[in-house]
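Colleague: I am new to this structure, and I would like to understand the reasoning behind the words used for it. Could we go through it together?

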Amino acid sequence: MQDEKIFIIELLNPKTQNEAFKKLLQLYQKPLYNHIRGIVLDHEDANDVLQNTFIKVHSHLKTFKGDSKLFSWMYRIATNESITFLQQRAKKQGISNEEVKEKALNKLESDVYFDGDEIQLKLQKAIALLPEKQQLVFKMKYFEELKYEEISEILGTSVGALKASYHIAVKKIEDFLKTN
């Protein structure tokens with residue numbers, strides 16, 4: 001944790017912030033992209049949201065209180081940016097959030113950046129049917145292998161509630177995969 005405090009000081013110091021931000025990008029660009037991609041599904045959209053996330057991180061670093069890990073704080077920003085992106089797209093197109101996700105899911109089959117097979121596509125469809133919170137919890141736990149404590153910091157939910165959400169999500173996904 002001491003190393004993180006030093007790193008944050010480097011990010012805030014005008015003399016060291018450029019190099020520190022490059023390091024931040026190297027450390028978190030790929031995991032944040034994967035997290036965002038898991039929510040918005042489309043490669044190009046994920047890149048746009050990732051860029052917005054890093055812009056927000058950069059512009060709000062001075063307000064980071066250190067109550068959570070930098071990683072958790074950035075994931076929360078990425079999560080919020082992803083959800084906001086989907087909501088704005090739905091509003092712009094005059095459709096529901098679910099319909100936006102359904103369109104993205106349908107595009108996934110022809111997405112050259114999606115290297116999954118038929119089973120993975122089926123899994124994505126099962127996940128898309130879950131309520132938003134269960135989707136987030138499932139993806140963070142299953143795909144990103146985050147600990148419940150980390151997910152708790154990111155989503156601001158108790159560990160017990162997250163475990164219940166994950167268990168319910170797994171059950172729903174299993175049921176979907178068995179019946180479809």
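Colleague: How many helices and how many strands does the chain have?

Modeller: The chain has 9 helices and 0 strands, where helices (H or I, at least four residues) and strands (E, at least two) are DSSP runs, numbered from the N terminus. This is a predicted model, in which local features need pLDDT of at least 70, side-chain atom pairs count only at pLDDT 80 or more, and totals for chains, interfaces and linings use all residues. Residues are numbered from 1 along each chain as its sequence is written, and side-chain values use heavy atoms, with hydrogens and water left out.

Colleague: What makes the chain as compact as a globular protein of that length?

Modeller: The globule rule, 2.2 Å times the number of residues to the power 0.38, with the radius of gyration taken over C-alpha atoms, gives 16 Å for 180 residues, and the chain has a radius of gyration of 17 Å, which is close to that value, so the chain is as compact as a globular protein of that length. Along its principal axes, the C-alpha trace spans about 55 × 35 × 30 Å.

Colleague: What share of the residues is called buried?

Modeller: Buried residues, meaning those under 20% relative accessible area (1.4 Å probe, protein chains only), make up 43% of the 180 residues.

Colleague: How do you know that the span of helix H4 agrees with its number of residues?

Modeller: The expected span is 1.5 Å times one less than the number of residues, so the 24 residues of H4 (residues 70-93) should span 34 Å, and the end C-alpha atoms are 34 Å apart, which agrees. Just after H4, Gly94 takes a positive phi of about 70°.

Notes:
Buried < 20%, exposed > 50% of the residue type's maximum accessible area, 1.4 Å probe, protein only.
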